[in-house]
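User: Please take me through this structure by question and answer.

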Amino acid sequence: MTTTQPRPEEQDLPFNVFARACPSRGTLEHVTGRWGALTLGALSEGSLRFNELRRRVDGVSEKMLSQTLHALERDGLVHREAQLTNPPRVDYELTPLGREVAQRLLSLIRCVEDSMDTVLEARERYDAARGAR
């Protein structure tokens, strides 16, 4: 088993997402996974209840949304507030760190959305060149 030494410019970093054991890698996966990114983006619009969030993130199952929210809450990106009412009410909102991360994600999302004409043309060229399998 070989281990690679960090490059000199990486040695000063307390965390290195490229290192297998670095805890930042798990957080990056939570943030950039399909449901994490969409959940953070939806919550950037404001506090939402679970079912409101599920409707906003079209296609996510109840189980996946619950797992995603737990991971984002554990990472300190989402705050869960349960109110002792009948029936119980649970609201989710972004923490200050969650807002910062969501803002950066929304820039990426807008970039992708704004580039979709180019992406779709590239897909057509790619498929045509390879016989559209």
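The turns below cover the elements, the core and two helix contacts.

Analyst: This is a predicted model, in which local features need pLDDT of at least 70 and side-chain atom pairs count only at pLDDT 80 or more, while totals for chains, interfaces and linings use all residues. Residues are numbered from 1 along each chain as its sequence is written, and side-chain values use heavy atoms, with hydrogens and water left out.

User: In what order do the elements of the chain run from the N terminus on?

Analyst: Helices (H or I, at least four residues) and strands (E, at least two) are DSSP runs, numbered from the N terminus. The chain has six helices and three strands. Their order from the N terminus on is α-α-β-α-α-β-β-α-α.

User: What percentage of the residues of the chain count as buried?

Analyst: Buried means under 20% relative accessible area, exposed over 50%, and partly exposed in between, with a 1.4 Å probe and protein chains only. The chain has 133 residues. The buried part is 25%.

User: Which element supplies the largest share of the largest nonpolar core?

Analyst: A nonpolar core is a set of buried Ala, Val, Leu, Ile, Met, Phe, Trp, Tyr and Cys residues joined through side-chain atoms within 4.5 Å. The largest one has 22 residues, and Leu 40, Leu 43, Leu 53, Leu 69, Val 78 and Tyr 92 touch the most other members. At least two residues each come from α2 (34–43), α3 (50–56), α4 (62–74), β3 (89–94) and α5 (96–114). The largest share, five residues, comes from α2.

User: How are α2 and α4 oriented to each other?

Analyst: Axes are lines fitted to C-alpha atoms, for helices over the stretch in contact, and angles run from 0 to 180 degrees between N-to-C directions. The axes of α2 and α4 lie 10 Å apart, at an angle of about 75 degrees. Angles under 35 degrees count as roughly parallel, over 145 as roughly antiparallel, 65 to 115 as roughly perpendicular and the rest as oblique. Therefore α2 and α4 are roughly perpendicular.

User: Which residues of α5 make the contact with α2?

Analyst: Contact means heavy atoms within 4.5 Å. The axes of α2 and α5 come within 9 Å and cross at roughly 105 degrees. On the α2 side the contact is made by Ala 37, Leu 40 and Gly 41. On the α5 side the residues are Val 101, Ala 102, Leu 105 and Leu 106.
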